[in-house]
Amino acid sequence: MPRDPPDDEEDEESDGGWKGLARDLLVAGIIVVLVLVGVYAYTGVWPPLVVVESQSMQHSGTESYLGVIDTGDMVFQQSAPNRADVVTYIEGRASGYSTYGDYGDVIIFRQASSPTPVIHRAIMYVTLHNNGTYITADVDKLSQLSGWEATTDSGPITCPPSCSGVYLRSVTIHRMGFRQNLGITFDFTTLLRFAPRSGYITMGDYNAAFLSCATPPFDPCAAAPYDRGWLPVQADIIGRARGELPWFGLLKLTLQPTDTCCAGWGDPEAPKNSWDSLAVGLVVLFALPFILEFAARGWKKYVSPRLPEIRWPWRRPKTKTEQGSAGRDADGSSKNPRRPPRKPPRGESSGP
């Protein structure tokens with residue numbers, strides 16, 4: 001009858017299992033901390049991710065796209081404490097700089113009336129002046145742009161090569177929008193309650209293209225699609241959008257719904273293909289450990305044996321003596337347990 005293994009061996013195996021689990025958890029924790037530290041070092045702001053709750057930045061009413069900010073995307077935000085850290089639409093169009101499918105930076109900023117930050121494109125940086133009867137604005141870097149007209153209290157003007165010190169009542173910019181088919185008039189007199197103040201006029205890509213503008217090409221908008229409810233100053237800027245993790249923010253909006261999105265799985269507030277892509281992404285995410293394990297086994301079994309041996313430069317090559325004595329103990333006996341012991345020659349005795 002076979003004997004049961006000693007209790008000491010079982011205790012040692014149990015202790016080894018717990019030690020291995022603790023070691024794995026410690027390594028996983030260190031990796032998570034390093035990743036978070038790296039993300040914070042890159043973004044300079046915490047939390048580094050924001051979840052987009054509305055469709056104001058989408059480039060379609062029914063479909064989401066990679067490289068465009070859609071409902072349910074998780075967007076990385078990078079600190080932008082200074083005016084030089086934000087490239088407006090006017091500056092970006094003049095230099096060819098674009099993000100998320102249009103010119104200029106997309107910024108995340110606070111608004112006094114709501115705890116939820118806003119994510120919109122920075123169109124221009126203006127300094128508003130109130131002379132007691134109407135509002136005018138000095139538009140930063142406007143002279144770098146082509147394809148616009150402006151008005152002052154004296155009527156229409158054009159002021160290249162410099163508009164510095166020229167107080168404008170409105171400016172109309174042509175070929176705006178991600179399709180470059182809109183003419184939008186920015187009426188600074190509507191910003192009376194903010195003057196005197198310097199800040200950003202912002203606009204959502206979707207708001208301009210689908211909500212307020214007349215038939216293209218280059219027609220003025222029937223109603224102002226830019227944001228007139230706020231004029232964020234530099235101190236209101238939380239960060240500028242830099243990269244995104246598409247679709248996965250829908251999980252947060254489903255588990256913690258807001259007033260704008262979302263009441264349940266498949267809510268129409270977000271494009272349908274975003275929900276489809278999220279479902280596929282979750283399946284791939286859960287299957288990834290098994291895929292990697294099978295890939296590692298296949299590599300070790302089928303690929304690695306067929307690869308030539310790599311001679312690493314930091315390894316000392318073996319001498320003939322070392323190669324001849326490999327696999328033997330100091331007394332000359334073989335270490336290979338499969339090799340049977342050498343039989344003595346016939347006629348000799350193996351005993352004393």
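This note covers a surface patch and three backbone features of a predicted model.

1. Nonpolar surface patch. Trp299, Tyr302, Val303 and Leu307 together make a nonpolar patch of about 420 Å² on the surface. One of these residues, Val303, belongs to helix H5, which covers residues 272-303. The relative accessible area of Val303 is 31%, making this residue partly exposed. Val303 can be counted in the patch because membership requires over 30% relative accessible area, and its value is 31%.

2. Cis peptide bond. Between Ala195 and Pro196 the peptide bond is cis, and its omega is near -10 degrees. Pro196 sits in the loop that links strand E11 (182-187) with strand E12 (197-203). Most peptide bonds are trans.

3. Positive phi at Lys141. Lys141 is not a glycine, yet its phi is positive, near 65 degrees. The residue is located in the loop between strand E7 (135-139) and strand E8 (148-152). With a relative accessible area of 33%, Lys141 is classed as partly exposed, because that class lies between the 20% limit for buried and the 50% limit for exposed.

4. Positive phi at Gln180. Gln180, also a residue other than glycine, has a phi of about 55 degrees, again positive. Its position is in the loop between strand E10 (170-176) and E11. Gln180 is partly exposed, at 38% relative accessible area.

5. Backbone points to check. Most residues other than glycine have a negative phi. The positive values in question are those of Lys141, near 65 degrees, and Gln180, about 55 degrees.

Conventions. Residues are numbered from 1 along each chain as its sequence is written. This is a predicted model: local features need pLDDT of at least 70, side-chain atom pairs count only at pLDDT 80 or more; totals for chains, interfaces and linings use all residues. Side-chain values use heavy atoms; hydrogens and water are left out. Patches are made of residues with over 30% relative accessible area and no salt bridge: like charges are joined within 9 Å, nonpolar side chains (Val, Leu, Ile, Met, Phe, Trp, Tyr) within 5 Å. Accessible areas come from the Shrake-Rupley method with a 1.4 Å probe; for residues, only the protein chains shown count as cover. A salt bridge is a side-chain nitrogen of Lys or Arg within 4 Å of a carboxyl oxygen of Asp or Glu. Helices (H or I, at least four residues) and strands (E, at least two) are DSSP runs, numbered from the N terminus. Buried means under 20% relative accessible area, exposed over 50%, partly exposed in between (1.4 Å probe, protein chains only).
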